[in-house]
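User: I am new to this structure. Please walk me through the labels and the values behind them.

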Amino acid sequence: MQAIILAGGKGTRLGELTREIPKPMIPVGGKPLIEHQITLLKKNNITNIIVTVGHLDEKIIEFVESKNNFDVSISFYREIEPLGTAGAIPLLHNQLESQFLVLYGDVMMDVDLNKLINFHKEKKADITLVVHPNDHPYDSDLVEINSNKQVTKFLPKPHQNESIYKNLVNAGLYMLDKKAVSHIPKRNKIDFGKDIFPALCNKLKMFSYNTPEYLKDMGTPDRLTDVEKDYSSGKIQRKNLSFPQKAIFLDRDGVLNEDRHLIYKIEDLVLYDFTSEAIKKINHSDFLSIVVTNQSVVARNLCTIEELENIHKKLDTDLSKDGAKLDAIYYCPYHPDKGYPEENKAYKKDHPCRKPKPGMLLEAAKDFNIDLSKSYIIGDRSTDIEAGKNAGVSTIGVLTGNALKSGDAEPDYIFDNIATAIEFVLSEPLDKIYKEVSSIHSKSASKPFVIAAGGQSQSGKTTLATYLKKRFVQDGFPTLVISLDNWLLPSEQRKKANDVWGRFNIDKINEDIEAILNGDTVHLQAYHKNPASSSRQVNYKLENEPIVIIEGVVSLNIDKIIKRADYSYFTKININQYKNQFYKLYRWKGYEDSEIKMLFNRRLDDEFEPVEPTMSNAKNVISIL
């Protein structure tokens, strides 16, 4: 396989920096950019390289020829006059192999090139453009594609302010068959983006290869600074798809934008004011941002696939205005319920992509080499949470949109909205606590190692218990979490209780915890915070898990649990935080504020204050909120 590196540009946007140094010689991590590109090609077994040079060409040639460890064949083509990005290609016709790669000399990249080559061959393409979303599509060459990933339109920059577009940017890396070269005119100053691709996208088989891997134009000082930071942090290498990736999967309606019920018109897609900033935080992390959304509007015949794609173009465009991007959007246009006269029969069927089935997540995992065990889904409906559980990702419910009011699925975590959810995922505020507990566990001989988790209601103890379990499991220690809320008495009996202790079946907790730790199975009716949830049974049985977490407001007031615990924590919350959380919970449950006020005052007396002294039984007191 052969590659051509286009290294003849002047780099005028970099100002003084490129007066004496050609763009491909700008150092990143102490090495010139062209060295990074040649090393990448060699790593992918591409050993026949042609470098086109022009501005300060002697410096590039001298450097490359002075290196004695490239161990590849490198030749040079000098441009007497600037030829643009495409002008040299037809002049190299006699030196070209049947297929070859083209790299822009000012793009820092780390791509699994073999995946690109295989894609080009599978599609039997004449030209394959590597594309990706970026945070500045407004000044980039864009492509439009069909469902087969074939390029249908090429949109050179600049773009009209009022236009909407899919954020698929020409990334400056191509693969061409030699027969495509005959379509490139032999003349000076001809450009792939402005002149060649727009003219050929409907004449030749031109495909797009969409990748979240690192490809960044270093053509401005700010972008050069970003590349240097990314190289220093190791992010450039980590984004290569030969390494497993992590993703945050995102439902669309009710998570990213207002849920206006069956959105089938562009104007109905309205982002929450916190959405763009939240997505930008994902973009700056090691996670991919991937939308997975059920869109039965097509099956219901409310809009066509093309119209749905236009809605997603608006989503891309609105995010890009704030410098945010989605790495991919997967949607399911199918719906299983048939028999309506206005339906689109072609899409009225059951389909593995429709949540709660995990099809979209599994497809993305295959496309982007995603490690699902280290990924998350954020949704506002039970179907989102079930899809996440079916795919094996951590699940987060948000209280926007449907706010988890339909269905019975219980997410691992619940947050107010996508902004607070992403902040939790990326900042990992509980990591320090996990390391402390993990260190104690590593020195303990107890089997199982028991953690007692107490604290006031709404203080975050369940969140911490779930987080500890996830981390222990990732480190190879299966963990059983026992929620004492499942021992709450029936609602009518709870109303008669004088305090929090009276709302639990304490005697049965003592009996059942001992039975579970002895290996017996305990069957219970599960407690649901959502009053609309249907009743279900929960079974607890210790299956050789080395760690058990027992969490609940009463856990640090039960002698058997306290004495058996190898570690214990109390999550503390102040009254103002407690009031805020309490009102939020009961509004979500459908209570009026007057009802909540009465209940809150009661809970202060019979729960909040009685539970606080149990912190003296904990080995650690933690404030999470």
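User: How do you know that E22 and E23 pair, and in which sense?

Analyst: Strand E22 (residues 522–525) and E23 are joined by 4 bridges in the antiparallel sense. Two strands pair if DSSP finds at least two bridges between them, so E22 and E23 qualify with 4. Gln525 stands opposite Gln537 in E23. Helices and strands are themselves DSSP runs, numbered from the N terminus: H or I of at least four residues for a helix, E of at least two for a strand.

This is a predicted model, where local features need pLDDT of at least 70, side-chain atom pairs count only at pLDDT 80 or more, and totals for chains, interfaces and linings use all residues. Residues are numbered from 1 along each chain as its sequence is written, and side-chain values use heavy atoms, with hydrogens and water left out.

User: What makes the side chains of E23 alternate?

Analyst: In a regular strand the side chains alternate between the two faces of the sheet. Strand E23 (residues 537–540) follows that pattern. Val538 and Tyr540 point to one face and are buried. Gln537 and Asn539 point to the other face and are not buried. Buried means under 20% relative accessible area, exposed over 50%, and partly exposed in between (1.4 Å probe, protein chains only).

User: Why are Cys332 and Cys353 called a disulfide?

Analyst: A disulfide is a pair of cysteine sulfur atoms within 2.5 Å. The sulfur atoms of Cys332 and Cys353 are 2.3 Å apart, so the pair meets the rule. By this rule the count comes to 1 disulfide. The torsion about the S-S bond is about 70 degrees, so the disulfide is right-handed. The pair links distant parts of the chain, 21 residues apart. Cys332 is in strand E16 (residues 328–332), and Cys353 is in the loop between E16 and helix H9 (359–368).

User: Are these two cysteines buried or exposed?

Analyst: Cys332 has a relative accessible area of 0%, so Cys332 is buried. Cys353 is at 10% and therefore counts as buried. Cys303 is in no disulfide: the nearest cysteine sulfur, that of Cys332, is 13 Å away. Cys303 is at 3% relative accessibility, so it counts as buried.

User: Which peptide bond leads to Pro356, and what is its form?

Analyst: The bond from Lys355 to Pro356 is cis, with omega near 20 degrees. Pro356 sits in the loop between E16 and H9. The bond from Lys447 to Pro448 is also cis, with omega near -5 degrees. Pro448 belongs to the loop between H12 and E20.

User: What makes the strands around E20 an open sheet, and what is their order?

Analyst: The open sheet has 5 strands in the order E21-E24-E20-E25-E26, with parallel pairing. Strand E21 (479–483) and strand E26 (620–622) stand at the edges, each with a single partner strand, so one side of each has no neighbour in the sheet. Neighbouring strands are turned by 20 degrees against each other on average, direction ignored. Strand E25 (residues 567–571) pairs with E26 in the parallel sense over 3 bridges. Tyr569 stands opposite Asn620 in E26.

User: How do you know that helix H12 packs on this sheet?

Analyst: Contact means heavy atoms within 4.5 Å. Helix H12 (residues 431–442) touches strand E20 (449–455), strand E24 (547–551), E25 and E26. The direction of H12 makes about 145 degrees with that of E20. Axes are lines fitted to C-alpha atoms, for helices over the stretch in contact, and angles run from 0 to 180 degrees between N-to-C directions.

User: Why is Lys124 called exposed, and Asn301 partly exposed?

Analyst: Lys124 is at 62% relative accessibility, so Lys124 counts as exposed. Asn301 is at 45%, so Asn301 counts as partly exposed. Each has a positive phi: near 50 degrees for Lys124, and near 65 degrees for Asn301.

User: What makes helix H1 mostly covered?

Analyst: Of the 11 residues in H1 (residues 33–43), 8 are buried. Among them are Leu33, Ile34 and Leu41. Across the chain, buried residues make up 55% of the 625 residues.
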